[in-house]
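Colleague: I am new to this structure. Please take one part of it and walk me through that part closely.

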Amino acid sequence: MLALGIDPGTAICGYGLVRLEKSRLIPVHYGAVFTDKDELPEKRLQKIYTELTELIHEYRPDFMSVEKLFFNRNVTTAIAVGQARGVIVLAAAMADLPVFEYTPIQVKQAITGTGRADKRQVTYMVTRLLHLKEEPKPDDVADALAIGITGLNFVRGEDLREKGSK
């Protein structure tokens with residue numbers, strides 16, 4: 001099973017494709033879509049949509065995992081991230097790709113065992129779980145891989161429950 005994890009953002013939109021084979025997690029491809037702050041907002045969103053659409057068509061993931069919008073204090077940032085999430089989810093919908101959403105606490109819990117983990121702990125565990133030689137950079141990429149792994153854990157858990165009830 002192949003998951004596409006997304007850490008939404010307008011300046012940096014992290015992505016990570018992770019495959020689950022038996023009980024092994026395999027990093028397939030990961031990186032980020034970078035947009036220029038001087039570009040028009042609609043052009044930034046177009047770049048995110050276009051690049052993610054290309055990834056979806058090239059790798060054909062089974063589903064997308066995306067981080068739920070976490071609203072803190074900066075309304076402007078929340079609106080921009082919400083717009084990015086919109087084009088991200090649209091890219092999935094246009095490819096008939098199921099989308100699963102997870103809160104930051106759910107991701108931290110799934111990756112580190114505690115919902116209060118910091119970014120360093122998440123990055124460390126992602127690096128270990130995927131047997132990477134070095135930590136993924138920037139943080140948005142590590143977060144996207146963590147979101148993909150979280151999706152695989154949840155989907156695998158649902159599959160096991162379904163098989164157990166038959």
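Modeller: What follows starts from one strand and works outward to its neighbours. Keep in mind that this is a predicted model.

Start with strand 2, residues 12–21. Is strand 2 enclosed or open? Seven of its ten residues are buried, so the strand is largely enclosed by the rest of the structure. The cut-off matters here: a residue is buried because its relative accessible area is under 20%.

Now look at its pairing. Strand 1 covers residues 2–7 and pairs with strand 2 in the antiparallel sense. Six bridges hold that pairing. One of the partners is easy to find: Ala-3 is bridged to Val-18 in strand 2. The connection between strand 1 and strand 2 is a hairpin, made through four residues.

Strand 3, residues 24–34, also pairs with strand 2. The sense is again antiparallel, and the pairing runs over ten bridges. Within it, Leu-17 has His-29 of strand 3 as its bridge partner. The hairpin of strand 2 and strand 3 has two residues between the strands. There, Lys-22 takes a positive phi near 60°.

Next comes the helix that packs on these strands. Helix 1 spans residues 41–59, which is 19 residues. From its first C-alpha to its last it reaches 27 Å, close to the 27 Å expected at 1.5 Å a residue. Which residues of helix 1 are buried? They are Arg-44, Leu-45, Ile-48, Leu-52, Thr-53, Leu-55 and Ile-56. Seen down the helix axis, these buried residues fall within an arc of 160°, so they line one face of helix 1. What does that face meet? The buried residues of helix 1 pack against strand 1, strand 2 and strand 3. They also pack against strand 4 (63–67) and helix 2 (75–94).

Glu-51 gives another view of this helix. Glu-51 is found in helix 1. Its relative accessible area is 28%, so Glu-51 is partly exposed. Glu-51 and Val-33 are 18 residues apart in sequence. In space, their C-alpha atoms are 7.1 Å apart. Just after helix 1 comes Arg-60, with a positive phi near 50°.

Now go back to strand 2 and look at what its side chains join. In soluble globular proteins, nonpolar side chains tend to be buried together. Here, the largest nonpolar core has 21 residues. Val-18 is among those with the most contacts inside this core. Others in that group are Leu-25, Ile-111, Val-126, Leu-130, Leu-145 and Leu-152. Which elements supply the core? Strand 2 and strand 3 each give at least two residues. So do helix 3 (104–112), helix 4 (119–129) and helix 5 (139–164). The largest share, seven residues, comes from helix 5.

Leu-152 shows how the strands and this core meet. Leaving out residues up to four places away in sequence, Leu-152 touches Met-1, Ala-3, Val-18, Arg-19, Leu-20, Leu-25 and Phe-63. Ala-3 and Val-18 are the bridge partners from earlier. Apart from this core lies another one, of 20 residues. Among its members are Tyr-15, Leu-17, Leu-45 and Val-66. You have already met Leu-45 as a buried residue of helix 1. Leu-17 is the partner of His-29.

Last, look at charged pairs beyond the strands. How many salt bridges does a search of the whole structure find? The search finds seven. One of them joins Arg-85 and Glu-101, whose closest N and O atoms are 2.2 Å apart. This pair links distant parts of the chain, with Arg-85 in helix 2 and Glu-101 in strand 5 (residues 99–102). The two are 16 residues apart. Arg-85 is buried, at 12% relative accessible area. Glu-101 is partly exposed, at 37%.

Another salt bridge joins Asp-143 and Lys-119, at 2.6 Å from N to O. It too links distant parts of the chain: Asp-143 lies in helix 5 and Lys-119 in helix 4, 24 residues apart. Asp-143 is buried at 11% relative accessible area, whereas Lys-119 is partly exposed at 44%.

Key
Residues are numbered from 1 along each chain as its sequence is written. This is a predicted model: local features need pLDDT of at least 70, side-chain atom pairs count only at pLDDT 80 or more; totals for chains, interfaces and linings use all residues. Side-chain values use heavy atoms; hydrogens and water are left out. Buried means under 20% relative accessible area, exposed over 50%, partly exposed in between (1.4 Å probe, protein chains only). Two strands pair if DSSP finds at least two bridges between them. The expected span of a helix is 1.5 Å times one less than its number of residues. The arc is that of the directions from the helix axis to the C-beta atoms. Contact means heavy atoms within 4.5 Å. A nonpolar core is a set of buried Ala, Val, Leu, Ile, Met, Phe, Trp, Tyr and Cys residues joined through side-chain atoms within 4.5 Å. A salt bridge is a side-chain nitrogen of Lys or Arg within 4 Å of a carboxyl oxygen of Asp or Glu.
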